[in-house]
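The following report describes a ligand site, two sheets and two backbone details. The sequence and structure come before the text.

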Amino acid sequence: MAERLKAAQRLSDNLFGTLHGGHLPEVICDHGEGIYLFDQDGKKYIDFSGGPHVVSIGHGNKKVREAMLRQMEKVSFFFRSFWLSEPLLELAARIIKVAPSNFTMCQFCNSGSEANETAIKIARQYHVERGKPEKYMVITRWQGYHGMTLGALSAGGHTMRRQKFEPMLHQWPKIGAPLCYRCAYDLSYPGCKIKCARALEEVINQVGPQYVAAFIAESIGGAGTAAMVPVPEYYPMIREICDKYDVLFIDDEVICGFGRTGRWFGIEHWGVAPDIMTAAKGMTGGYTPMAVVILDEKIGRVFNEKGASFIHGFTMEGNPVSAAACLTVIDIIESEGLVARSARLGEYFFKKGRESLAQHPTVGDIRGKGLLMGIELVKNRETREPFEPKFMVANRFQQIAMEKGVMGYPATGMANGVKGDSFLVSPPFIIKEEEIDTAFDRLDAAFTEFERECL
Ligand SMILES: Cc1ncc(COP(=O)(O)O)c(C=O)c1O
């Protein structure tokens, strides 16, 4: 093992992002099976992070492998402008079937970042085609995360990720995150009268509604807010404000889409219909890079009426092998009732998580929905004081958890975009209750060790 690791570390000199990404992983992943990942020594890890948030149906699914192989035996690639693709047509129809009823069309791409870039461009061109070319601004939220490409990073409000690229980003207006644990407006619910939603209307009026094309938000928060769940009034108010000012509501479902939170899409918990949704992770199950932008009927109608083509496209978008993989993943989610399972197991997951971890002095908050949980790590539970960012405690906790055989995702910035540490867990939907127990027992032990070191 040591020899193989040394050889891999030598080879990793050729991997830019890995080498310069902060720290080099010290274990080589060998294979995956169900909810488990195995290293080259045969040590078994519970993939409690599911990717992060990717591995919906578990690792090593034979049906997906067979579907991909079948498609590869037929054809692996042809260019989307010259040919129709059967698996892609089927996939689009299947996505529209599970999406809320106002959605009628899909635009495919290869990653969550691309999907959000694409959604922003669709929103812009939609207004142009309707004779409103002055509408270009996208209002976003602090601590939101929508991806790493420049447009997606501009939409994001994660300060640490933006800092070195700031001069290159669109300086779009931002409102505070609807994170009650760290209210951006220093208020408390319900006395706040949902200031975090009302802030959208204030900003629209400040910049001029005639310039605002869209508002983008993750239905339930991810990397920047650690599974933040806005209060029940939040999205109905956002919807109303968007309608009032002719602003499209883009809902980023890259994490929540396809069952993660116990509904097909996270926004369904609020009974609100966005105009555009982006999705990626769970739909692929991790078997292929693929993402989708799902569009309200009115958007397709405007483009059709104008005979306008969308000025966009990626060479690899809608790859037929990827389409076959996603189709099978969605088939499995549907036929095995995994969305309902995620809702049902989610109750157990949170009960067990709180029982196991809430007594730890560094656990400030446990939040989320379904099988998506954010555990916020704090230096002082009473004052909610975060750790100093230089100590990178979320990363340290992740290392300890991994040594104990459980994978989770370290995230930072929930306090102000820079400070604040958390650990996100989001297991495959096929996990069993006893496996949830084992994972939390290990995390309990990991916290005990972490607190010996960090307090
Ligand atoms: C909510 C959200 N949107 C977008 C993205 C970007 O997706 P990708 O990493 O596939 O580009 C992520 C990735 O974690 C995400 O969590």
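In what order do the seven strands of the open sheet lie, and what is their pairing? The order is β4-β10-β9-β8-β7-β5-β6, and the pairing is mixed. This is a predicted model, in which local features need pLDDT of at least 70 and side-chain atom pairs count only at pLDDT 80 or more, while totals for chains, interfaces and linings use all residues. Residues are numbered from 1 along each chain as its sequence is written, and side-chain values use heavy atoms, with hydrogens and water left out.

Helices (H or I, at least four residues) and strands (E, at least two) are DSSP runs numbered from the N terminus, and two strands pair if DSSP finds at least two bridges between them. At the edges of the seven-stranded sheet stand β4 (103–109) and β6 (174–175), each of which pairs on one side only. Strand β5 (residues 137–141) runs parallel to β6 and is joined to it by two bridges, with Arg141 standing opposite Ile175 in β6.

Two helices are in contact with this sheet, where contact means heavy atoms within 4.5 Å; angles run from 0 to 180 degrees between N-to-C directions, and axes are lines fitted to C-alpha atoms, for helices over the stretch in contact. Helix α6 lies across β4, β5, β7 (212–218), β8 (248–252), β9 (276–279) and β10 (291–296), at about 25° to β10. Helix α12 (residues 297–306) touches β4, β8, β9 and β10, and its direction makes about 80° with that of β10.

Helix α6 (residues 112–129) also gives the most to the shell around the ligand, with three residues. The ligand is surrounded by Ser111, Gly112, Ser113, Asn116, Tyr145, His146, Gly147, Glu218, Asp252, Val254, Ile255 and Lys281, a residue being near a molecule if one of its heavy atoms lies within 4 Å of it. This shell divides into three nonpolar, six polar and three charged residues; Ala, Val, Leu, Ile, Met, Phe, Trp, Tyr, Cys and Pro count as nonpolar, Asp, Glu, Lys and Arg as charged, and the others, Gly among them, as polar.

The table gives polar contacts of the ligand, each a pair of N or O atoms within 3.5 Å.

| Ligand atom | Protein partner | Distance |
|---|---|---|
| nitrogen | Asp252, N or O atom in the side chain | 2.7 Å |
| nitrogen | Tyr145, polar backbone atom | 3.5 Å |
| oxygen | Lys281, N or O atom in the side chain | 2.8 Å |

The protein covers 80% of the 390 Å² of accessible area that the ligand has on its own, with areas taken from the Shrake-Rupley method with a 1.4 Å probe.

A further open sheet has four strands in the order β11-β12-β14-β13, with antiparallel pairing. Because β11 (363–369) and β13 (409–412) stand at the edges with a single partner strand each, one side of each is left without a neighbour in the sheet. Neighbouring strands here are turned by 25° against each other on average, direction ignored. Five bridges join β12 (residues 372–377) to the antiparallel β14 (residues 421–425), and Ile375 stands opposite Phe423 in β14. Helix α14 (residues 338–357) packs on this sheet, touching β11, β12 and β14, and its direction makes about 175° with that of β11. Helix α16 (residues 433–454) lies across β11, β12 and β14 and runs at about 15° to β12.

Two backbone details remain. A cis peptide bond with omega of about 0° joins Tyr189 and Pro190, and Pro190 is found in the loop between β6 and α9 (195–207). Ala227, although not a glycine, has a positive phi of about 65° and lies in the loop between β7 and α10 (234–244).

Technical notes: Polar contact = N/O pair within 3.5 Å; in protein donor to acceptor, adjacent residues only side chain to side chain.
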